[in-house]
Amino acid sequence: MDFRAAKLLIKADCIKIIKGNSVTNSIEHTDIVVIGAGFSGLYAVHRLRKDYAVICVEAGDGVGGTWYWNRYPGARVDIESVEYSYSFDKTLEQEWSWPEYFSAQPDLERYANHVADRFDLRKDIRLSTIVTRMTFDATIDRWNVHTSDGKHIICKYVVAATGSLSAANTPPWPGRETFKGQILHTTEWPREGIDFSGKRVGQIGTGSTGIQAAPIIAREAAHLTIFQRTPAFSMPSGNRPMDAEHEQDWKANYPARRQEMLSNYGVSLMTRPERSAHEYTPEEQRAILEKGWTSKSAFQLMLAFNDVMTDKAANDIVAEFAREKIRGIVKDPVTAELLCPKTYPIGGKRLCNDAGYYEMYNRDNVSLVDVATAPIVAFTEKGLRTADAEYELDIIITATGFDAVTGAMARIAIEGVNGQTLADKWANGPTTHLGFMVAGFPNLFMVHGPMTPGAQAQMITTGEWQVDFIGRIIDDMEQGGLSRIDATVEAEQRWADEVQSVSQFTIHRFADSWYNGKNIDGKKGGFMIYVGGFPRFAELCEEAIQANYEGFLRS
Ligand SMILES: Cc1cc2nc3c(=O)[nH]c(=O)nc-3n(C[C@H](O)[C@H](O)[C@H](O)COP(=O)(O)OP(=O)(O)OC[C@H]3O[C@@H](n4cnc5c(N)ncnc54)[C@H](O)[C@@H]3O)c2cc1C
């Protein structure tokens with residue numbers, strides 16, 4: 001059956017399958033299933049629905065993805081909201097106002113809901129529903145998509161907008177069920193919030209999330225104990241109320257600014273340096289770094305010199321400056337030293353942004369526990385036990401991040417051609433062609449998939465770009481009367497080589513992080529993020545299409 005005939009069938013409503021004397025769940029037919037209603041999935045529904053029938057399936061009971069799930073205190077973006085927003089609709093750009101420079105979770109969730117209503121997306125989104133299993137039927141080039149509510153959908157294409165930071169990384173220690181208090185994960189935070197007053201709170205994890213949450217919790221709790229495995233580098237976020245002039249300037253210049261963003265890292269507000277750290281005297285270096293620290297532009301410190309991310313010696317200068325700042329703020333020298341990262345370069349893991357994180361350690365009700373030297377071994381009835389002590393707590397917050405990049409896809413049982421499962425295919429780490437497709441899993445596209453620039457670029461704008469790119473591939477398929485698109489194993493290997501080789505030019509190679517899966521014990525694979533820059537990534541994608549779909553097999 002050709003695609004258009006299938007569409008007629010869809011419009012003719014769903015087909016009831018009768019097995020023997022019983023009626024099983026109805027099977028629905030559609031053109032495209034989009035998984036996830038975060039910013040990528042919402043835009044995918046809008047873009048693809050123009051020409052195709054689309055069903056979007058979302059696990060949460062609301063839209064917004066990251067900004068639906070992460071309701072922990074202090075959750076906010078570290079990219080300015082005038083940039084971290086959709087570009088696909090000029091009226092939307094003009095009508096929306098961000099109250100702050102770096103928006104907090106409630107405003108981002110409000111924006112996602114506004115977009116869903118404004119573009120009437122909800123009618124094609126099924127909330128509180130999880131895609132649990134998918135099998136590819138190679139005889140008809142269709143995916144069978146199974147969902148947690150027992151539904152079975154047959155579609156030609158699947159667009160997995162499942163998020164690269166959406167699968168919670170839950171700590172493995174035993175005894176969880178014995179703890180008498182409450183355990184919370186920051187990405188599964190209750191909508192009604194948590195009352196910390198009078199409580200002894202333990203927070204495990206000091207990455208971006210832990211750094212945002214802790215200062216707010218410390219203000220409410222009786223005591224906050226922070227369990228730190230690896231200290232993070234963080235700089236002041238510079239968040240402030242939006243000023244009308246800044247907003248108007250952006251609204252007047254959006255088309256040009258969006259272009260600039262795509263030729264950069266999805267951002268345009270950072271000043272790009274032209275000179276190496278080694279071209280300055282120590283006094284000049286210091287002056288530039290001080291300016292970066294107070295720039296109110298989240299990542300400016302990484303752009304103090306043009307070689308911070310590529311030259312270890314240049315990076316050391318910036319890292320030592322950041323350590324001096326920590327020592328200057330935190331009064332207790334032992335705590336200050338514990339907070340100083342010394343085992344990896346600054347920027348090797350994504351630089352964090354904070355509002356009073358280091359200052360918080362000067363409070364009497366906050367203590368820092370080093371679990372690198374005495375690791376956590378168990379939850380207990382009363383709290384947490386480390387290798388050398390037990391800590392009594394009322395609430396334990398696990399700010400332990402994500403099974404990043406691959407986690408959400410790995411949690412779906414996916415079977416491609418010849419019965420191969422994605423779990424087997426990725427057993428030693430993910431493989432993809434250009435981050436979009438996996439060989440042996442035809443007609444399945446990923447947004448922000450493994451080996452795309454991911455968090456190395458602003459993810460709304462670059463997500464829109466990826467959805468448009470997938471849309472173009474689908475359009476080409478349909479206009480060419482084609483039925484199946486797959487990637488070749490050779491193309492996957494070439495892309496893996498490209499991803500690993502560019503990572504060797506950057507200081508990222510010196511850091512264990514979620515970029516290379518090293519945040520999780522035993523997770524296999526190499527570099528999962530393309531650090532060659534978004535413009536180069538987009539150029540390579542474009543070149544592959546222009547070269548008659550190089551690295552793809554279409555039939
Ligand atoms: C705390 C935090 C702060 C961040 N700050 C920034 C920032 O400042 N700048 C930036 O560029 N990026 C930031 N990010 C990254 C952020 O994830 C992206 O910017 C963006 O929101 C990703 O959108 P998405 O739609 O691709 O994925 P997500 O927002 O993660 O959405 C994926 C959706 O898919 C759903 N899903 C997954 N699997 C299934 C399934 N099997 N069935 C049904 N539904 C499923 C999930 O429930 C989720 O709602 C941040 C991430 C976090 C966690």
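Tutor: Let's settle one term: Ala, Val, Leu, Ile, Met, Phe, Trp, Tyr, Cys and Pro count as nonpolar, Asp, Glu, Lys and Arg as charged, and the others, Gly among them, as polar. This is a predicted model, where local features need pLDDT of at least 70, side-chain atom pairs need 80 or more, and totals for chains, interfaces and linings use all residues. Numbering runs from 1 along each chain as its sequence is written, and side-chain values use heavy atoms, leaving out hydrogens and water.

Student: How many cavities of 30 Å³ or more does the search find?

Tutor: A cavity is a set of points on a 1 Å grid over the protein atoms alone where a 1.4 Å probe fits but cannot get out. Searching the whole structure for those of 30 Å³ or more gives four.

Student: Which helix gives the largest share of the lining of the largest cavity?

Tutor: That cavity holds about 90 Å³, and 15 residues line it, with Glu 93, Trp 96, Trp 98, Lys 251 and Tyr 254 the closest to its centre. Lining residues have an atom within 4 Å of a point. Two helices (DSSP runs of H or I, at least four residues) each supply at least two of them: H4 (90-95) and H7 (244-262). The largest share, five residues, comes from H7.

Student: How many charged residues are in that lining?

Tutor: Split the lining of the largest cavity by class. You get nine nonpolar residues and two polar ones, and the charged residues number four.

Student: Now the ligand: which residue has a side-chain N or O atom 2.7 Å from a ligand oxygen?

Tutor: Look at the pairs of N or O atoms within 3.5 Å. Phe 39 puts a polar backbone atom 3.1 Å from a ligand oxygen, while Ala 59 has a backbone N or O atom 3.1 Å from a ligand nitrogen. The side-chain partner at 2.7 Å is Glu 58.

Student: How much of the ligand's accessible area does the protein cover?

Tutor: On its own, the ligand has 980 Å² of accessible area (Shrake-Rupley, 1.4 Å probe). The protein covers 94%.

Student: Which helices give two or more residues to the shell around the ligand?

Tutor: The ligand has 34 residues around it (a heavy atom within 4 Å), and Ser 40, Glu 58, Thr 66, Asp 78 and Tyr 84 come nearest. By class, the shell divides into 18 nonpolar, 13 polar and three charged residues. The elements that give two or more are H2 (39-49) and H3 (66-69).

Conventions: On a 1 Å grid over the protein atoms alone, a cavity is a set of points where a 1.4 Å probe fits but cannot get out, and a pocket is an open set with protein on both sides within 12 Å along at least five of seven lines; lining residues have an atom within 4 Å of a point. Grid points are joined across faces, edges and corners, and a volume is the space filled by probe spheres set on the points. A polar contact is a pair of N or O atoms within 3.5 Å; within protein, one must be able to donate a hydrogen and the other to accept it, and residues adjacent in sequence count only if both atoms are side-chain atoms.
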